[in-house]
Amino acid sequence: MILIWLALAAAVCVPIAAAAASPLLAWRDPVYILACFSGIVALGLMLVQPLLIAGYLPGLAAYRGRRTHLWTGGALVVAVVIHVGGLWITSPPDMIDALLFSSPTPFSPWGVIAMWAIFSVALFAALRRRLGVRPRTWRIGHTLLAIVIVVGSVVHGILIEGTMETISKAVLCALVLAATIKVMTDLKVWRRRAKLREESIARQ
Amino acid sequence: MTIAVLNRRNLLAAGGSVLVTGVSGLLFPARAQGLAPTLSMQGGSNNYRAGAPTVDRIGKGGFWMSGTVRRAGDGAPLVGQRIQIWAHTTEGREHEPQSHGATLTDKNGAFRLEMPQIIPVFGQPHGHLAYDSGEFKTVFLRPVMRSAKDTSLEAHFVLQPV
């Protein structure tokens, strides 16, 4: 049980520690460094999110897992805002180029698309009760946006030559992808709830 | 299925066309449209500071930025053209004045300026160069280094008269 938590902590903390040892930090100022690390933290949160919603984390199963998923989602939005805000302060023209999809760097559009998908999920989650969105519509909408978020973020991260150490970055990205695929197949998000209920009754 | 199409007819046709293009290229080297002007690169003008001083070296040096400046059409080297160079280096951020410097092209249209080591910033190890003196159309370049460990970088300008 504790092993799962240890493995998760390692998967998130090793890349952060490796980035903290990056020689590039010597030539970057605090705001830029903060922006870089909030990007790494956001990638780490992206690994926690599917595990929480599927109830794979010991002690945070079912309802508690889903509650925590909401809070981690909020933290993800904050991390992205700090990431983008910090980069904006560091070099406004480069950040504006990225946001307008006119950046010369191939990874920028992936990150910007993932950012908008993250904001959309957060907004959708906050308003879905008020708007009366049907659970199935919400589940499918959230799943599609989650795919955009994960793929966008992973490609964004892999293409960047920055503070993250290459191997620990690749491992974290692979874990995020694997967790997302595993949870989506396990939860059968595309199925109708009624059918799932029938199946689970049939299994008992 | 692919079939080898190396028969005598194809060989003659291909050889003939190579001969024709090759020979005509030798006879009329700068014909047709001639040398096309260099286009500004996306993001090239980011953190540009108009009028940065001409310097012998930016900061303490250790990294070489070099290139050539030629005229569009005939490709003639352009002498005494002012090229501004800037980057995020070990000695300063991209927008800071000490990270900027300008140099002039020599009689062969070549320039070479020593500057501090470029450090990857915004996800790519890159430099910036500008031609912005008015006689020709302004061009902003943003070359990317093959490796962040490189200690030199090249960029070439083909300028179009205004």
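This passage describes the cores, one helix and the chain contacts of a predicted model. Local features need pLDDT of at least 70 and side-chain atom pairs count only at pLDDT 80 or more, whereas totals for chains, interfaces and linings use all residues. Residues are numbered from 1 along each chain as its sequence is written, with chains lettered from A in the order in which they are written.

We can start with the packing. The largest nonpolar core (buried Ala, Val, Leu, Ile, Met, Phe, Trp, Tyr and Cys residues joined through C-beta atoms within 7 Å) has 42 residues, and A:M46 and A:I118 are among those with the most contacts inside it. Buried here denotes 20 or more other C-beta atoms within 10 Å of a residue's own, with C-beta atoms placed from the backbone. Helix 2 of chain A supplies the largest share of this core, 15 residues; helices are DSSP runs of H or I with at least four residues, numbered from the N terminus. Beyond its neighbours within four places in sequence, A:M46 is in contact (C-beta atoms, placed from the backbone, within 7 Å) with A:L76, A:V150, A:S153 and A:V176.

Helix 5 of chain A also merits a look. A kink of about 35 degrees is centred on A:A125, the bend being the angle between axes fitted to the seven residues ending at a residue and the seven starting there. Buried residues of helix 5 include A:W110, A:M115 and A:I118, and the buried residues of this helix pack against helix 3, helix 4 and helix 6 of chain A.

Finally, between the chains, 14 residues of chain A are in contact with 16 residues of chain B.

Methods. Two residues are in contact if their C-beta atoms, placed from the backbone, lie within 7 Å. A residue is buried if 20 or more other C-beta atoms lie within 10 Å of its own, exposed if 12 or fewer, and partly exposed in between; C-beta atoms are placed from the backbone. Helices (H or I, at least four residues) and strands (E, at least two) are DSSP runs, numbered from the N terminus.
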